[in-house]
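Welcome! Here are some exercises to help you find your way around a protein you have not met before. Please have a look at the structure, then try each task before reading its solution.

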Amino acid sequence: MKIALLGYGKMGQIIERFALERGHEVVLKINIDNLEDLTTSNLKKADVAIDFSAPDAAINNIYACFDANVPVVVGTTGWYGQLQEVKNECLTRNNSLLYGSNFSIGVNIFFHMNKVLAKLMNGFPAYEVQVEEIHHTQKLDSPSGTAMTIAEDIIENLDRKNEWVNELVGTQFDDVLKKEQLLIESHRIENIPGTHTVVYSSEVDEIEFKHTAHNRSGFALGAVVAAEWLEKKQGFYNIADIFNFK
Ligand SMILES: NC(=O)C1=CN([C@@H]2O[C@H](COP(=O)(O)OP(=O)(O)OC[C@H]3O[C@@H](n4cnc5c(N)ncnc54)[C@H](OP(=O)(O)O)[C@@H]3O)[C@@H](O)[C@H]2O)C=CC1
Ligand SMILES: O=C(O)C1=N[C@H](C(=O)O)C[C@H](O)C1
């Protein structure tokens, strides 16, 4: 498979390593300093594109792939406010896109179990729930895309919560939480690849459900596997469509 890498930073470089190991070829690498190479004719040389760029770059990169009719896997987070618009465009134009806030197997197992746990906790109203995420200090978006997925899955399954709010620890936070609001607490600490915890806490005890990424390899391998899965498909997909846990 010929791959275009849109974004060649921390993730793009590890994705390249896994892609080569799995017998693929990287035919295009786009970064901030060669954006002029992001042309339809260059993209058409690829069977699939993988975008791990920046929140304010993802939409433009996605539409460039649609123009070239190249399937695109999007790992970049921080653009989900425009998800519906991108989905409509993808389906209207018969393009292919797969996105995911987290491509690691471990986190996708975590996503599934988080929904099961949230449903169970409907029967235990004494527990308050909170989501915490910790990432490296270069991270541009807050909360993390993964924390947003976790929070939205809790809201869908736990009747006593109906919206999330985010506190980036170390910045001003004056909100008084309403009982139906779910707090996502974001921490930025040097060199942390990504840690997510759901905490259910009562007066008498606490349940912690936690995923810790030891490095970025799980995200990168997952992105290459997602590209292999998407290559010959048409439509708008989420990483959950690959795992399809019941
Ligand atoms: N879904 C998942 O599993 C995961 C998602 N991510 C997400 O992936 C994204 C990238 O993460 P990461 O690699 O750590 O970030 P980096 O900052 O290390 O890399 C991003 C790269 O994209 C480049 N870039 C900036 N603008 C553009 C553009 N318009 N077109 C192409 N490239 C561009 C940057 O260039 P320059 O350095 O010159 O600014 C940089 O090299 C983030 O949104 C992050 O949240 C990360 C890990 C896992
Ligand atoms: O920016 C990162 O590094 C990561 N971003 C993703 C997110 O926002 O959830 C996934 C992972 O946690 C690493």
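The exercises below concern a predicted model, and each comes with a worked solution.

**Exercise 1. Overall build**

Decide whether the protein is as compact as a globular protein of its length.

*Solution.* Start with the inventory: the protein has eight helices and 11 strands. Next, take the radius of gyration, which is 19 Å, and set it beside the 18 Å that the globule rule gives for 246 residues. The two values are close, so the protein is as compact as a globular protein of that length. For its extent, the C-alpha trace spans about 60 × 35 × 30 Å along its principal axes. Buried residues account for 39% of the 246 residues. Finally, look at contacts between residues at least 6 apart in sequence: 65% of them join residues at least 24 apart.

**Exercise 2. Two domains**

Work out which stretches of chain form each domain, and how many residues of each are in contact with the other.

*Solution.* The domain assignment gives domain 1 as 2-102 + 217-243 and domain 2 as 105-212. Their centres, taken over C-alpha atoms, are separated by 27 Å. Where the domains meet, 11 residues of domain 1 are in contact with 11 residues of domain 2. On the domain 1 side, the touching residues divide into five nonpolar, six polar and no charged.

**Exercise 3. Two ligands**

Find which residues come nearest to ligand 1, then explain why ligand 2 lies between the domains.

*Solution.* Take ligand 1 to begin with. There are 26 residues around ligand 1, and Gly7, Gly9, Met11, Ile32 and Ala57 come nearest. Helix H1 (residues 10-21) gives the largest share of this shell, three residues. By type, the shell around ligand 1 holds 12 nonpolar residues, 13 polar and one charged.

Now turn to ligand 2. Around ligand 2 are Thr77, Ser101, Asn102, His135, Lys139, Ser144, Gly145, Thr146 and Gly194. These divide into no nonpolar, eight polar and one charged. Because domain 1 and domain 2 both give residues to this shell, ligand 2 lies between them.

**Exercise 4. Strand E3 and its partners**

Determine which way the side chains of strand E3 point and in which sense E3 pairs with E1 and E4.

*Solution.* Strand E3 covers residues 48-51; Val48 and Ile50 point one way, Ala49 and Asp51 the other way, and all are buried. Strand E1 (residues 2-6) pairs with E3 in the parallel sense over four bridges. Here leucine 5 stands opposite isoleucine 50. E3 also pairs with strand E4 (residues 72-74) in the parallel sense, over three bridges. In that pairing, aspartate 51 has valine 74 of E4 as its bridge partner.

**Exercise 5. Buried or exposed?**

Classify glycine 75 and aspartate 174 as buried or exposed.

*Solution.* Glycine 75 lies in the loop between E4 and helix H4 (83-92). A buried residue needs 20 or more other C-beta atoms within 10 Å. Glycine 75 has 27, so it is buried. Leaving aside residues up to four places away in sequence, glycine 75 touches Met11, Asp51, Phe52, Gly100, Phe103, Phe219 and Ala223.

Aspartate 174 also sits in a loop, between strand E7 (163-168) and strand E8 (181-188). An exposed residue has 12 or fewer such neighbours. Aspartate 174 has 5 C-beta neighbours inside 10 Å, so it counts as exposed. Its C-alpha atom is separated by 43 Å from that of lysine 29, 145 residues apart along the chain.

Methods: Residues numbered from 1 in each chain as written. Chains lettered and ligands numbered in written order. Predicted model: local features only at pLDDT ≥ 70, side-chain atom pairs only at ≥ 80, totals over all residues. Near = placed C-beta within 6 Å. Helix = DSSP H or I, 4+ residues; strand = E, 2+ residues; numbered from the N terminus. Nonpolar A, V, L, I, M, F, W, Y, C, P; charged D, E, K, R; others polar. Domains from an automatic or database assignment. Rg over C-alpha atoms; globule rule 2.2 N^0.38 Å. Contact = placed C-beta atoms within 7 Å. Pairing = 2+ DSSP bridges.
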